[in-house]
Amino acid sequence: GTGKSFATLQSLRVDRNKEKRLSSDIEKKFLSLAESFGDVTVKSIPHNDTVFSEDQHQPSSSYIISKDKVPFSSPLVEKIHIDNNVIFLILDLETTGLCTKSSYITQIAAKVLGSTDPSDIFSAYVRPPVRVPPHIEKLTGIKDHFLRHGGMDPSTGEMLHGPADEFYDVYVHFCAFCKEKSEGRPICIMAHNAAFDINMLQAHVRRLAASYQKLGKTGKELPFLTRDTGIQTSVDTLQMMKTNKLWRSSRTYSSALPRPSSFGLSNVYSHILKKPMKTAHNAVGDILGLEEILMSPTLNCWKSIANQIQEPLTLVVDASEQNRYNNPG
């Protein structure tokens, strides 16, 4: 099922030579398929090849990248040894769409794996510079009106008084949260289809880096997702769940389960825990669901697999900021 849907979606990729753009109707089909197959298949499409033409997906002036500023990326570190010294931080984002070039983050949630301390969870909504499309509102439960005016939080039922913060403010708080939890130890991001979340975050950092000179005039400091947070590597739990070793090595336990038929987060959750997953497609609900999966005794050897499949983060900054990294402090 997911393989067939992936092939179908790949056939809808943009033809750059003809400069075609995908219509909003096609994006709705993407999301419908994503929902059917666990919100995984669509996210796997290369983001650079996917462009949507809805007017509300155009960036606001504050996010336009200047032509004289060229973002660059370079490897940050080699793979680390994932052991008990590593902080596992579960991460999930909600966005206005699936394309890093035209979509914006609407929610960031993160949690230290296994912690019962309420201060070890981060949750914040983000007010995007574009309208949240109605089909995204339906999928995530996050309404555009809620982000701009406040109201009842769809994940907790608590009230948000006033509009959500813009990405810069939420991002600064998220970086501070990560740095505080790191305490000098390396952080490993755990996310289901981690490439989507990491790429989306880094796309936003590129936008901020491109306008860093403007931000600097207002006295704002721009932290980066690597050196300033303690985050060093990431593990895609979707890829991990597809590893045969994970299921074979668990058969010695009486609670062991066969390999699931599909690997969307909701399906894996119900397959392992024998109950439906609550508040799926809300970032808080997703990180809590993924935590329950990772803490399950059924998946006893995932750390060894994580060591093999981890992807160190890439340093993404504006070219004008190279000196900041070459000469820290």
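In this predicted model, the side chains of Arg 127 and Glu 166 come together in a salt bridge, with N and O 3.4 Å apart. Arg 127 sits in the loop between β4 and α3 (134-140), while Glu 166 belongs to the loop between β6 (159-161) and α5, so this pair ties together parts that are 39 residues apart in sequence. Both partners are partly exposed: Arg 127 has a relative accessibility of 24%, and Glu 166 has a relative accessible area of 40%. In general, side chains of opposite charge can pair when their charged atoms come close.

A search of the whole structure turns up six salt bridges. One of them joins Asp 144 to Arg 148, with 3.0 Å between the closest N and O atoms. Here the partners are four residues apart in helix α4 (residues 144-149), and so are separated by about one helical turn. Asp 144 is buried, at 10% relative accessible area, whereas Arg 148 counts as partly exposed at 25% relative accessibility. Another salt bridge pairs Lys 275 with Glu 292, whose closest N and O atoms are 3.4 Å apart. This pair links distant parts of the chain, 17 residues apart: Lys 275 is in the loop between α10 (265-273) and α11 (283-295), and Glu 292 is in helix α11 itself. Lys 275 is partly exposed, at 38% relative accessibility, and Glu 292 is also partly exposed, at 33%. Finally, Asp 120, Glu 180 and Lys 181 are joined into one network by salt bridges that share partners.

Turning to the strands, β3 is a good place to look at how the chain packs. Eight of the eight residues of β3 are buried, so this strand is largely enclosed by the rest of the structure. It pairs with β2 in the antiparallel sense over seven bridges, and with β4, again antiparallel, over five bridges. Two residue pairs give the register: Ile 90 stands opposite Lys 111 in β3, and Ile 108 has Ala 124 in β4 as its bridge partner.

Thr 106 also belongs to strand β3. What is its setting, buried or exposed? With a relative accessible area of 2%, Thr 106 falls under the 20% cut-off and is buried. Leaving out residues up to four places away in sequence, Thr 106 touches Glu 94, Thr 95, Thr 96, Ala 124, Tyr 125, Val 126, Pro 128, Val 132, Ile 142 and Leu 147.

The largest nonpolar core holds 36 residues, and Ile 108, Phe 174 and Leu 201 have the most contacts inside it. At least two residues of this core come from each of β2 (87-95), β3 (105-112), β4 (121-125), α5 (167-182), β7 (187-191) and α6 (194-210). Phe 174 shows what these contacts look like: apart from neighbours within four places in sequence, it is in contact with Leu 91, Ile 108, Ala 110, Phe 122, Leu 201 and Leu 225. A second, separate core has 34 residues, among them Phe 88, Val 235, Ile 287 and Ile 309. As a general matter, in soluble globular proteins nonpolar side chains tend to be buried together.

Stepping back to the chain as a whole, it contains 13 helices and 10 strands. Of its 329 residues, 52% are buried. The accessible surface comes to about 15,500 Å², and carbon and sulfur atoms account for 50% of that area. Contacts reach well along the sequence: among those between residues at least 6 apart, 73% join residues at least 24 apart.

How far should the details be trusted? The chain averages a pLDDT of 75, and 67% of the residues score at least 70. Over residues 318-329 the pLDDT is below 50, and this stretch has 25 contacts in the model beyond near neighbours in sequence. At the other end, residues 1-24 stay under 50 in pLDDT, with 40 contacts beyond four places in sequence. Where pLDDT is low, the predicted coordinates should not be read in detail.

Definitions and conventions. Residues are numbered from 1 along each chain as its sequence is written. This is a predicted model: local features need pLDDT of at least 70, side-chain atom pairs count only at pLDDT 80 or more; totals for chains, interfaces and linings use all residues. Side-chain values use heavy atoms; hydrogens and water are left out. pLDDT is the predictor's confidence in each residue, from 0 to 100. Contact means heavy atoms within 4.5 Å. A nonpolar core is a set of buried Ala, Val, Leu, Ile, Met, Phe, Trp, Tyr and Cys residues joined through side-chain atoms within 4.5 Å. Buried means under 20% relative accessible area, exposed over 50%, partly exposed in between (1.4 Å probe, protein chains only). Accessible areas come from the Shrake-Rupley method with a 1.4 Å probe; for residues, only the protein chains shown count as cover. A salt bridge is a side-chain nitrogen of Lys or Arg within 4 Å of a carboxyl oxygen of Asp or Glu. Two strands pair if DSSP finds at least two bridges between them.
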